[in-house]
Amino acid sequence: MERYIFLQNARIAETSSSRFRDSDILIRTRTENAPSEIVAIGDNIDLPSGPNVMIRTFNLNGQIVCPSFVDMRCDICEPGNRYREDLSTLGKAASSGGFGAIVSIPIVEIDAAPETVIAYILENEIRTNGVKILPSAPVTQRNSPQKTVDFDKLTACGAAAFGDDGSAETASMLEAMRSCANKDYLFILHCEEKSLTKDRVMNEGSVSSMLGLGGIPSCAEEIAVAKNILLASQTGCRIHISHISTAKSAEIIRQAKKAGVRVTCDTAPQYFTLSENDIIFYSENAKVMPPLRTSADISAIIEAIRDGTIDCICSDHTPRTESEKPHDLSSALSGITGLQTAFTLALDRLVMDEHIDIFRLISMFTDVPAKIIGVGYDIAVGQRAYLNVISLDYDTIFQSKNVKSKSKNTPFLDTNFRGCLTYTITDGVISENPDKCIW
């Protein structure tokens, strides 16, 4: 049996020209023996026929179609923490959120060599049901922040990038960047000066003082951002800074780009939607690292998105179990899940509030991260079918019953978003968003 998906009356978003192309799209679904394929794009497509042909037709009535998204930061949890998330549930959550490829942060919590971890991920990627995982490896050896890894060996094993959470010693990071500068290896960095964050809970300010909680100063992020940019400037290494949260971090990166430093960056939706005040309402589910900042920081992050300082938006998907998120903020682990809400949050807060247009937003989830990491998707004949369908007319209500992740640590349950990811197609498998609604 040959199975096809026929998308009628689509508006294909062409981000390079900020224009829509009205067209139909014919897709052959994947089988056990062959991947999916975009068979035809255009008007008056001759549909296949015959007793062994089955076609599912979807009249999109002008809904927007774009390629699947690429996520620059995700904790995939497996191997090591399957109780939080496994590759199967990860794939379901990613696909539901429109992501066809995700960059995993280095898994360093288990006693295994990074090449062993990478091999495990790539060998088990089939369990994600079509979602591609791009594993990153640590910059330094496990429990040895002064010793760098073998970058060439790990790249040959399948490492897409190298990551650090602030643990690597400065001398080691300088050595690492010098080693990798001429090879164009990418460093993806979580910027944190750990001496300023240990045993602290939330952003340092009036709210932390009112609650009597240890505060994390904004400079805990900014010092690390500045340090890594100086190292990149010194060596010529290519770096990507993850989930920036402060006005000063954005300004440091802005000036570095003007000076020609090879730096890109992303932010996560919580940093342009929630402030430190929201931890009062959402408690443990609003505890993240870096912490939620001030309303002034939110405005600065949005402006950095507007002017292009921030290149893309990541999910920052960090699953935690209920036991790891007790109501006691001091003992709750940081992190929220983000794969299913990243795009719809950004659509609501950035496009619907008219900070950027839909083309820029799609670009921040597709061609920009694809250019940075080197993997992405296109809507073209002969390509595998990784597509998303977006409506600006439907709304989304993110419901607990429709969470695909093993973990539900998010402040956005039962939140209404303007706009909707109505369908996702992951390697030819189409899913309808059960959270879409129209008023």
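User: How many of the 10 residues of helix H11 are buried?

Analyst: Nine of them are buried. H11 spans residues 342-351, and it is largely enclosed by the rest of the structure because so many of its residues are covered. Buried means under 20% relative accessible area, exposed over 50%, and partly exposed in between, using a 1.4 Å probe and protein chains only.

User: Anything to know about the model itself?

Analyst: It is a predicted model, and residues are numbered from 1 along each chain as its sequence is written. Local features need pLDDT of at least 70 and side-chain atom pairs 80 or more, totals for chains, interfaces and linings use all residues, and side-chain values use heavy atoms, without hydrogens or water.

User: Back to H11. Which residues are buried there?

Analyst: Ala 342, Phe 343, Thr 344, Leu 345, Ala 346, Leu 347, Asp 348, Leu 350 and Val 351. Helices (H or I, at least four residues) and strands (E, at least two) are DSSP runs, numbered from the N terminus.

User: New topic. What is the volume of the largest pocket?

Analyst: About 1,200 Å³. On a 1 Å grid over the protein atoms alone, a pocket is an open set of points with protein on both sides within 12 Å along at least five of seven lines, while a cavity is a set where a 1.4 Å probe fits but cannot get out; lining residues have an atom within 4 Å of a point. Points join across faces, edges and corners, and volume is the space filled by probe spheres set on them.

User: Which residues lie nearest its centre?

Analyst: Arg 73, Ile 105, Glu 109, Asp 165 and Lys 194 do, out of 50 that line the largest pocket.

User: And which elements give two or more residues to that lining?

Analyst: Six strands appear: E6 (69-74), E7 (99-104), E8 (132-138), E9 (140-141), E10 (144-148) and E11 (161-164). E6 has the largest share, with three residues.

User: What's the mix of classes in the largest pocket?

Analyst: Its lining has 18 nonpolar, 17 polar and 15 charged residues. Ala, Val, Leu, Ile, Met, Phe, Trp, Tyr, Cys and Pro count as nonpolar, Asp, Glu, Lys and Arg as charged, and the others, including Gly, as polar.

User: How much space lies in the second largest pocket?

Analyst: About 300 Å³. It is lined by 16 residues, and Glu 125, Gly 130, Arg 384, Tyr 386 and Asp 427 come closest to its centre. The lining splits into five nonpolar, five polar and six charged residues.

User: Now the closed spaces. How many cavities of 30 Å³ or more?

Analyst: Six. The largest cavity holds about 80 Å³.

User: What lines the largest cavity?

Analyst: Ser 96, Gln 340, Thr 344, Thr 396, Phe 398, Leu 421, Asn 433 and Asp 435. That makes two nonpolar, five polar and one charged. Thr 344 is one of the buried residues of H11.

User: And the second largest cavity, what volume?

Analyst: About 60 Å³. Its lining includes Ala 93, His 317, Thr 337, Leu 339 and Val 403. Gln 340 and Phe 398 line this cavity, and they also line the largest cavity. Here the classes are four nonpolar, seven polar and no charged residues.

User: Last one: is Thr 128 buried or exposed?

Analyst: Buried, because its relative accessible area is 1%. Thr 128 sits in the loop between helix H2 (114-123) and E8.

User: How far is Thr 128 from Ile 5?

Analyst: Their C-alpha atoms are separated by 21 Å, and the two are 123 residues apart along the chain.
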